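Please look through the sequence and the model below before reading on. The report that follows goes from single residues to the parts that surround them.

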Amino acid sequence: MLRVETFRSLIRMADREYFEEKLGDYLDEDVVRACLPDIRDVIRRGLGSIAAGVPCRFDVATQLVDLANFVVVVDEDLAVELVLQILRAAPSGRAMAHAVAAAHRAEGPAGQALAGHLRLSGNAHVRALLAGHG
């Protein structure tokens, strides 16, 4: 329980604090499942900040994509929906490159839809990362 609460606290700050791509290294299925409402909330809040043009000292969109990528282990459709919401708000090449992870992890139609979106919207680097993805 303490482990979940620790991650819940960190996840709740993901739109304000930079974790250097390390937070996801420790998220497992149980933590993601327990913290899913917090992940949804922080992404919603981060999207609001992006839409309002709130300055941030790090690439918040990419960090939120990284967080959404881990939702695939519990809900592929929701993960892809969250990733696409973030990419619509902040369609940077870096965020799209990070979104490739969700496309590779998601085995169903949602993953295919995300891969298709990334192929159409992404740059050459994103398309290269997608290579081999059906």
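## A residue in helix H2

Asp-38 has its place in helix H2, where helices (DSSP runs of H or I, at least four residues) are numbered from the N terminus. This is a predicted model, in which local features need pLDDT of at least 70 and side-chain atom pairs count only at pLDDT 80 or more, while totals for chains, interfaces and linings use all residues. Residues are numbered from 1 along each chain as its sequence is written, and side-chain values use heavy atoms, with hydrogens and water left out.

Asp-38 is buried, because its relative accessible area is 8%; buried means under 20% relative accessible area, exposed means over 50%, and partly exposed lies in between, with a 1.4 Å probe and protein chains only. Apart from neighbours within four places in sequence, Asp-38 is in contact with Arg-8, Ile-11 and Arg-12, where contact means heavy atoms within 4.5 Å.

## Residues in the loops

Three loop residues can be set side by side, each with its relative accessibility.

| Residue | Loop | Relative accessibility |
|---|---|---|
| Leu-23 | between H1 and H2 | 10%, buried |
| Val-73 | between H3 and H4 | 42%, partly exposed |
| Glu-107 | between H5 and H6 | 71%, exposed |

Leaving aside neighbours within four places in sequence, Leu-23 is in contact with Phe-7, Leu-10, Ile-11 and Leu-67. Leu-23 and Ile-50 are 27 residues apart along the chain, and their C-alpha atoms are separated by 21 Å. Val-73 and Glu-29 are 44 residues apart along the chain, yet a separation of 6.0 Å is found between their C-alpha atoms. Val-73 touches Glu-29 and also Val-32, when residues up to four places away in sequence are not counted. For Glu-107 and Glu-76, which are 31 residues apart along the chain, the C-alpha atoms are separated by 8.0 Å.

## The nonpolar core

The largest nonpolar core has 49 residues, and those with the most contacts inside it are Ile-43, Leu-87, Leu-114 and Leu-118. At least two residues of this core come from each of helix H1 (2-11), helix H2 (29-52), H3, helix H4 (76-89), H5, helix H6 (109-121) and helix H7 (124-130). Among these, H2 gives the most to this core, with 9 residues. A nonpolar core is here a set of buried Ala, Val, Leu, Ile, Met, Phe, Trp, Tyr and Cys residues joined through side-chain atoms within 4.5 Å. Leu-118, when residues up to four places away in sequence are not counted, touches Leu-87, Met-96, Ala-99, Val-100, Ala-103, Val-126 and Leu-130.

## Helix H3 and the largest pocket

Is H3 largely enclosed or open? H3 is largely enclosed by the rest of the structure, because 10 of the 10 residues of H3 are buried. The buried residues of H3 include Val-60, Leu-64, Asp-66 and Leu-67, and what covers the buried residues of H3 includes H1, H2, H4 and H5.

The largest pocket holds about 200 Å³ of space, a volume being the space filled by probe spheres set on grid points that are joined across faces, edges and corners. On a 1 Å grid over the protein atoms alone, a pocket is an open set of points where a 1.4 Å probe fits, with protein on both sides within 12 Å along at least five of seven lines, and lining residues have an atom within 4 Å of a point. The largest pocket is lined by 14 residues, of which Glu-21, Gly-24, Asp-66, Leu-67 and Phe-70 lie nearest its centre. Helix H3 (60-69) and helix H5 (93-105) each supply at least two residues of this lining, and the largest share, 4 residues, comes from H3. The lining divides into 5 nonpolar, 4 polar and 5 charged residues, where Ala, Val, Leu, Ile, Met, Phe, Trp, Tyr, Cys and Pro count as nonpolar, Asp, Glu, Lys and Arg as charged, and the others, Gly among them, as polar.

## Cysteines

Cys-35 counts as buried, because its relative accessibility is 0%, whereas Cys-56 counts as partly exposed at 37% relative accessibility. A search of the whole structure finds 0 disulfides, a disulfide being a pair of cysteine sulfur atoms within 2.5 Å.
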